[in-house]
2 protein chains.
Amino acid sequence: MSARRRPTIKEVAAAAGVSTQTVSRVINNRPDVAPETFERIQQIISETGYSPNMFARGLTQGRSHTLGVVAYGLEYFGPSRVLTGIEQQAAAVGYAISLNLIHEPEQADVEGLLASLVSRQVDGIIWAVPDVGDNRAWSNAAGSDHPVPVLLVGGMGGQSLLGSIGIDNRAIGRLATEHLLSGGARHVGLVTGPMDWWESRERQLGWRESLQERGLPASDRQIANGDWSATSGEAGLYQLVEQAPDLDAVFASNDQMALGVMHAAHRLGRRIPDELSVVGVDNIAEASHFWPALTTVDQPLRDAGGLAVRELDGAIRRARAARRGQDGAPAPRTLLQPKLVIRESSRPTP
Amino acid sequence: MSARRRPTIKEVAAAAGVSTQTVSRVINNRPDVAPETFERIQQIISETGYSPNMFARGLTQGRSHTLGVVAYGLEYFGPSRVLTGIEQQAAAVGYAISLNLIHEPEQADVEGLLASLVSRQVDGIIWAVPDVGDNRAWSNAAGSDHPVPVLLVGGMGGQSLLGSIGIDNRAIGRLATEHLLSGGARHVGLVTGPMDWWESRERQLGWRESLQERGLPASDRQIANGDWSATSGEAGLYQLVEQAPDLDAVFASNDQMALGVMHAAHRLGRRIPDELSVVGVDNIAEASHFWPALTTVDQPLRDAGGLAVRELDGAIRRARAARRGQDGAPAPRTLLQPKLVIRESSRPTP
DNA sequence: AGCGTTCCCGTTACCGCTAACGGCAACTCG
DNA sequence: CGAGTTGCCGTTAGCGGTAACGGGAACGCT
C-alpha cells in the first residue's frame, strides 16, 4: 500500500525526448507519429507503467466515460439482475459505473442525487429504481432538462419525457393467469406485491383482464395484498382460502410469495398442484427446487439492463453530436416481453 | 434530455463581480470572505445551479472522493450483501463508488483491472471478490505496491500484505456442526461449496474439527461436494445417503444447498428434523419459509462491507498524511464472527 | 502620526492533458 | 527545378478549479 506517485505524460515525453503532444498522439492512437517513435514511446509507457490521468483528460474532452447508475434494493432479485446487465454491457461498451443506491425509494432526494451525479461529470444516468408511489413525478416535470441524458429502467408509469426500458408487466399477469386457466382452474386468486409499485398494479391488471375475457369473476375477495416477502405470501393464502373457499389456483406476484403460498398450502393440507395450482414471477434460481418445482414467469431483466446501456450510449452520442441542434426524436420507450416457465406447481394443459 | 451547458466558476464570478478565487472560497467554505459577499455569491450559485466540476477539482487536489469496488457474483447472497454495506457506508462517509464486476473470478486480469481503476483516480480500492483458486496470488506478490490503498473483503487465504476484512468461516463450520451434535446427531454429513473457494475449505475445516474433538468420525464418505446451487445440494444428499447410510444430520455450506438437501430428503421420505437435521449458512430471507424453516448460520456481511469502507478511508487518510513517510503499520486484518439462527430443520438441544 | 494587523479580495501559476495550429523537412510532380 | 503535398513533430492556449502569494484599505495601538 505504498504511495508510489504515478508518472505523468510530461515525464514520459522527457524520457522519450519528444513533446507531450507526441506522447498524447501515441496513447490516443492518432496518426502523424513515425512508427519508430511510436514504438519507442510505447516501450517507455509500459516500462514506467504510465496511464493517462482521467481528470485531465476529462477536463479537456468534457466526458468521463462514466455512467451514473441509481438503483434500489440489491437484495431483491430484479434490481440485482438489472444491475448486472448494466455493468456487463457498460464494461463492454467502455463505460465505468458510478453506483448510487437508494434506500427509501419513496422519499429520495432525487434532484440532489442527480445533481451530485452530474457534478461528478457522468456522461449519462440510468435510473433503475422501481416505480414506487410518486417517486417518478420528477421525470414528468416540464422543466426536466438535465445536463446529461437520463434513462429510466423498469416501470413505465406516468408520461415520462425521458426514454425508458421496461418489461411488460401486464403480460406477466396474463401469461400466468391464462396458464392457470388452461390447466382447468376457475377460481384464480391473486397475491399482489405492494400496491404502490407499478409492477404490482400492472400484474394485477393482467390477471383481471384475463379473467374478465373469459367471463370469470375477478372480485376483491380473490385478492390478497403482499409485500414481496415469503411471509406475506403465506399470510396471503390463509386470507384467500377464507375469503374464497373454492379457490383452486393462485398467481403470486413473485417467487418468494409463491414460496410462502406453497408453505401455507402444505400446512393447510392442500396438495399442489392437484388441489391448488401456483404460479410465481421471476424464475429465481431456487424456483426449480421448491417443493414442488415452481411454475413461474421469467423476465428478461439482464437484457433490460444491457439494452439500457446501449440506448443511453446512443443518446449520449446524439446529444454530443447535436450539441445545440433540436432536441430531436421523442424519448424512445421499449417494452420487453416475459416468458412462461412451466414446472410442477401448476396443472398442465390437458 | 436537453444539453443545457453547466455554468462554470468563471461565469458565477462574473455575475457576482468578483474573482473566481472568491467564489472558490465560498464553495469551499473558507474564511476571508465578507458575509455580505458570501451571501450574494451563494445566491447566484443557487440561481444558476452551479456545481463545481469534479475533474478540475480533482486535478488540483489529487483526489476524487471515489472508491473503486471490484465485486463478483451479485446473484449470490453474500456478495450483494457486502456491496450494499459498502455503498451505504461510502455514501455516509462521502465517497462515490466506481463499480466493477468480475465474471470469471479465476482468470480475471487483475493488474489490468487495478490499473484501470487507478487511472480513474480512485482514492482507494476494495477488492470484494471471493477467494477462489489462486485468484489472490497477486495480493501476496512482493512488489504489490499500488499507487492507492487496497483492501480485501471476504476470504483470508494467503499471507496477503494488504489489509483485509473477513468473516470467520471456520467458526461457521463449528457453530453448525456443534449445534447438530448437541441435538443428538452422531453422523453429520457435509455438503461443501466448491473446494477452490476458501470459504468452503474453512467451513469444512470447522466441521472436521468439531467432529474430531468429540472423537467422532469425519471421513470422506461423509462429504459431498456441491457448487452452491440447490441442485448440487439435492444431488449431495443422494450421494451421502448412499455413502453413509446411518446419516442423521447434514451441514450444508449455504442455504440454497440446504434447500436442495431438504428437497431430496422429502423425496427419500426422510422426515426433517426427526430423521435428518439440516443446517445451512447465510440466513437468506427465504430461509425462515422453507419447509421446514431452516436453521442456519448468519454472517455479518453488511457490517463487513461497512467496516471495509471505514478502514479504507483510514488508510487513505494515513497515506495522504504520510505521503512519503514509512509504510508504517502492518496491514490490519479483521475477522467478524457469525451467529447461529435456530429454527425447525434441526433437532433442538434436549 | 507612524506602524503593524486584520479583513477582504485579486493575480499568478500551475494540475495533466488535448485541440488547433504552425512549421520544417523530404518527397512528389508537371 | 520551383511549387505543392505529405509526414512528422513542436508550440500555444486553453479545460475549470485551487494553492500560494500579494496588496490595498480600514483599524488599532503606542
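Helix 4 of chain B, with 5 residues, makes the largest contribution to the surface near DNA strand D. The model is predicted, and this report describes how its protein chains meet the two DNA strands.

**DNA strand D**

In total, 30 residues surround DNA strand D. The closest are Thr22 and Thr37 of chain A together with Ile9, Ser24 and Tyr50 of chain B. At least two residues come from each of several helices: in chain A these are helix 2, helix 3 (35–48) and helix 4, and in chain B helix 1 (9–16), helix 2 and helix 4. By class, 11 residues of this surface are nonpolar, 14 are polar and 5 are charged.

Sugar or phosphate supplies 59% of the atoms of DNA strand D that lie within 4 Å of the protein, and bases supply the rest. Tyr50(B), one of the closest residues, has a side-chain N or O atom 2.6 Å from a phosphate oxygen of the strand. Two contacts go to base nitrogens of DNA strand D. Arg25(A) places a polar side-chain atom 3.0 Å from one base nitrogen. Ala56(B) uses its backbone, with an N or O atom 3.4 Å from a base nitrogen.

**DNA strand C**

DNA strand C is surrounded by 29 residues, and the closest are Ile9(A), Tyr50(A), Ser19(B), Thr22(B) and Thr37(B). Of the strand's atoms within 4 Å of the protein, 61% are in sugar and phosphate.

Two phosphate contacts involve hydroxyl-bearing positions listed by name here: Ser24(A), with a polar side-chain atom 2.8 Å from a phosphate oxygen of DNA strand C, and Thr37(B), whose side-chain N or O atom is 2.6 Å from a phosphate oxygen of that strand. Arg25(B) instead reaches a base, with a polar side-chain atom 3.0 Å from a base nitrogen of DNA strand C.

The elements that give two or more residues to this surface are helix 2 (20–27) and helix 4 (54–61) of chain A, and helix 2 (20–27), helix 3 (35–48) and helix 4 (54–61) of chain B. Helix 4 of chain A gives the most, 5 residues. The residues near DNA strand C comprise 11 nonpolar, 14 polar and 4 charged.

**Contacts by residue**

| Residue | Partner atom | Distance |
|---|---|---|
| Ser24(A), side chain | phosphate oxygen, DNA strand C | 2.8 Å |
| Thr37(B), side chain | phosphate oxygen, DNA strand C | 2.6 Å |
| Arg25(B), side chain | base nitrogen, DNA strand C | 3.0 Å |
| Arg25(A), side chain | base nitrogen, DNA strand D | 3.0 Å |
| Tyr50(B), side chain | phosphate oxygen, DNA strand D | 2.6 Å |
| Ala56(B), backbone | base nitrogen, DNA strand D | 3.4 Å |

Notes: Residues numbered from 1 in each chain as written. Chains lettered and ligands numbered in written order. Predicted model: local features only at pLDDT ≥ 70, side-chain atom pairs only at ≥ 80, totals over all residues. Heavy atoms only, no water. Near = heavy atom within 4 Å. Polar contact = N/O pair within 3.5 Å; in protein donor to acceptor, adjacent residues only side chain to side chain. Helix = DSSP H or I, 4+ residues; strand = E, 2+ residues; numbered from the N terminus. Nonpolar A, V, L, I, M, F, W, Y, C, P; charged D, E, K, R; others polar.
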